[in-house]
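Q: I have a model open and want to go through it piece by piece. Can we start with a helix and work outwards?

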Amino acid sequence: MIQIPVINFSLFTESNAKNRQTVVKKIYQACHEIGFIYLQNHGMPPDLIKQVMTKSKDFFNLPLELKQRLAWSHRFSNQGYIGLEREKLDPNNPGDLKEAFNVGRKDAENFSVSLVNFPAKDSSISTFYQACTELANTILQAFALALQLPEDFFATRHSEQNHTLRLLHYPPVQQLSQLGQIRAGEHSDYGSITLLFQDTIGGLEIQTADGKWIAAPVIPDSVIVNTGDLMQRWTNHVFCSTKHRVILPSDERVKQSRYSVAFFCHPNDDTEIACLENCQKQYPPIYAPILAGEYLLSRLQATY
């Protein structure tokens, strides 16, 4: 049975060269074969994660009228509130049974003063954004070493912090109104890597190379890391961008809210995503070069 690898990331961040290389090899294998990893001992403070989950619940509990005041200004802004069913990750099915709030770097710094009913001195969102940025840069260093690149190759190309922090709420479902509707449709992520923090409700599934769907269960105190489309393009499919979805539980959990927080890492907009030379040994480049910012806009247009 195929399972998502679980990696002790402290062996990369705290230990000797031999242990670092062991982690690098595991990351290479995981990204090449399945595109998803659980990282344990990743260094993100548990209390901070808990604070952000609480902040997320508080926001989504606000009246819809207040949340709509913070809705996207236009479809390419990628910032603000996204209402229930507005996003359709799978174009062949109805809109997703979720609502979300997207926060960029500048918005993270001002999050506490920009939302109605939130304490002005609470900096948990900004602190969390920066902690995720630091963790992502360390993971990107491991990715670079796994591909036999200079350790800072990817991190320097993410220096502008064009990342998106997404708070997600999947409301309770009493009865489905549309056939084929689930909490998040089948999709791949658009950027380089994604960090995902989830509650205990579950429902995340990933698609294996042979087309089967397997559960990505909740492992306490771990963060899920998956590779996105731009990493797949960069590496000529050496690292795969894996399709995933969030289904409705088949038990009483369907009547409970599900919360998660995703941190989508995106290269600087003017970074050219061209096939890496050492990823052309087996196959010629699959994709033409594209700027990271242009690719993101094209995917947002397709999704919204």
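A: Helix H3 covers residues 46-60, so to speak its full run is 15 residues, and from its first C-alpha to its last it reaches 21 Å, close to the 21 Å expected at 1.5 Å a residue. The expected span is 1.5 Å times one less than the number of residues. Helices (H or I, at least four residues) and strands (E, at least two) are DSSP runs, numbered from the N terminus.

Q: What kind of model is this, and what is left out?
A: This is a predicted model: local features need pLDDT of at least 70 and side-chain atom pairs count only at pLDDT 80 or more, while totals for chains, interfaces and linings use all residues. Residues are numbered from 1 along each chain as its sequence is written, and side-chain values use heavy atoms, with hydrogens and water left out.

Q: Which residues of H3 are buried?
A: Leu 48, Ile 49, Val 52, Met 53, Lys 55, Ser 56, Phe 59 and Phe 60. Buried means under 20% relative accessible area, exposed over 50%, and partly exposed in between (1.4 Å probe, protein chains only).

Q: Why do they line one face of the helix?
A: Seen down the axis of H3, the buried residues fall within an arc of 160°, so they line one face. The arc is taken from the directions from the helix axis to the C-beta atoms.

Q: And what is exposed on the other side of H3?
A: Pro 46, Asp 47 and Lys 50.

Q: Moving to the core. Which residues have the most contacts inside the largest nonpolar one?
A: Phe 128, Phe 154, Leu 195 and Phe 197, in a core of 84 residues. Such a core is a set of buried Ala, Val, Leu, Ile, Met, Phe, Trp, Tyr and Cys residues joined through side-chain atoms within 4.5 Å.

Q: Which helix gives the most to this core?
A: Helix H6 (residues 124-146), with 13 residues.

Q: What does Phe 128 touch?
A: Leaving aside residues up to four places away in sequence, Phe 128 touches Met 44, Leu 48, Ile 49, Val 52, Leu 165, Phe 197 and Val 261. Contact means heavy atoms within 4.5 Å.

Q: Strands now. Is S4 enclosed or open, and what makes it that way?
A: In strand S4 (residues 99-103), 5 of the 5 residues are buried, so the strand is largely enclosed by the rest of the structure. Glu 99, Phe 101 and Val 103 lie on one side, Ala 100 and Asn 102 on the other.

Q: Which strands does S4 pair with?
A: S4 runs antiparallel to strand S3 (residues 80-82), with 3 bridges, and antiparallel to strand S5 (residues 164-170), with 5 bridges. Strands pair if DSSP finds at least two bridges between them. Phe 101 is the bridge partner of Tyr 81, and Leu 165 in S5 is that of Val 103.
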